[in-house]
Amino acid sequence: MLFDSHTHLQFAGYDDDRDAVIARTKEAGVSMVNVGTDVTSSVFALELAKQYNFEGMYATLGFHPTNIERRHDVQEKKEEYYEEFNKEQFLNLAKDDGFLMIGECGLDYFHIKDEALRNVEKKIFLDQFEAAVTCKKPLMIHCRPDKDDDAYNDLYQLLKSDFHSLLATSGIVHFFVGSNETAKKFLDLGFYLSFGGAITFKKAEDHKERVRYAPLDRIVLETDAPYVTPEPHRGKRNEPMYVRHVAEVIANIKGVSFREVEEQTFKNTKTVLGI
Ligand SMILES: [Zn+2]
């Protein structure tokens, strides 16, 4: 059994064949977490989970930091953007037991370079962090640095300084691309690191080094479908059953059996989700 800890089957790219994709995912014995990126996509992820009785199908509630990018007028309307996030509505939804995690949420400095906008990102992240702490749910973190590990460093500071009591299971840092030093910081906080299609690419030495560094009992697998399709399917739309190729590469790097990666990462994902 494999677990795709981060996917987006609720996205429009699956509108034509979603049921078929889910059927073959289940057939392949792969469980999945459909990760929300705003209220609409989170609620749809929850509907899907309910439709399948939460059997191998789970949902998160999140507001993705790059939502800010979609608004071209956002420079002039930072406050309006913040209102669009709608903290009150978010905190209410977060109470729903169907959402097992909060996120994806975090900081994206690769896409957002403006200092004022980065401050809005931080504010929205802290609100989601507050929801996670209040509802005792783990975080699904999206963090993408621009230079060195800038976004990771800031995110780490926010996690460390704003709340004294971190969650028992802190969550997942999805698509981890930081240094080993940064990995250690998040591992020490209790986070799991997630790796996906990028580690299967030919020129992936940096990604492979990260996998080498992270202990297997703190790694989870992801596809981030429909994006980042792993080899040998690169160029096509991604889907959860391709998570197998990520597991194969991790087994190779770690010098352990496929089965060991499969079992350990499945167990890790269940631990984070509390199921
Ligand atoms: Zn994602």
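Among contacts between residues at least 6 apart in sequence, what share join residues at least 24 apart? In this protein chain, the share is 74%, where a contact means that two C-beta atoms, placed from the backbone, lie within 7 Å.

1. Before you start. You are looking at a predicted model, where local features need pLDDT of at least 70, side-chain atom pairs count only at pLDDT 80 or more, and totals for chains, interfaces and linings use all residues. Residues are numbered from 1 along each chain as its sequence is written.

2. The whole chain. The protein chain holds 10 helices and eight strands; these are DSSP runs numbered from the N terminus, with at least four residues for a helix (H or I) and at least two for a strand (E). Its radius of gyration is 18 Å, close to the 19 Å that the globule rule gives for 275 residues, so the chain is as compact as a globular protein of that length. That radius is taken over C-alpha atoms, and the rule is 2.2 Å times the number of residues to the power 0.38. Along the principal axes, the C-alpha atoms fill a box of roughly 50 × 40 × 35 Å.

3. Burial. Of the 275 residues, 46% count as buried, meaning that 20 or more other C-beta atoms lie within 10 Å of the residue's own, with C-beta atoms placed from the backbone.

4. The sheet. Try tracing the eight strands of the open sheet in the order E1-E2-E3-E4-E5-E6-E7-E8; their pairing is parallel. Two strands pair if DSSP finds at least two bridges between them. At the edges are E1 (2–7) and E8 (219–221), each pairing on one side only. For a closer look, find strand E3 (residues 57–61) and strand E4 (residues 99–108), which are joined by three bridges. Thr60 has Met101 of E4 as its bridge partner.

5. Helices on the sheet. Helix H7 (residues 180–189) packs on the sheet, touching E6 (171–174) and E7 (191–195), and its direction makes about 130° with that of E7. Helix H10 lies across E1, E3, E4, E6, E7 and E8, running at about 95° to E8. Such angles run from 0 to 180 degrees between N-to-C directions, with axes fitted to C-alpha atoms, for helices over the stretch in contact.

6. A helix pair. The axes of H9 (residues 243–254) and H10 (residues 258–273) come within 8 Å and cross at roughly 115°. Their contact is made by Ala247, Glu248, Ile250 and Ala251 of H9, together with Phe258, Val261, Glu262 and Thr265 of H10.

Key:
A residue is buried if 20 or more other C-beta atoms lie within 10 Å of its own, exposed if 12 or fewer, and partly exposed in between; C-beta atoms are placed from the backbone.
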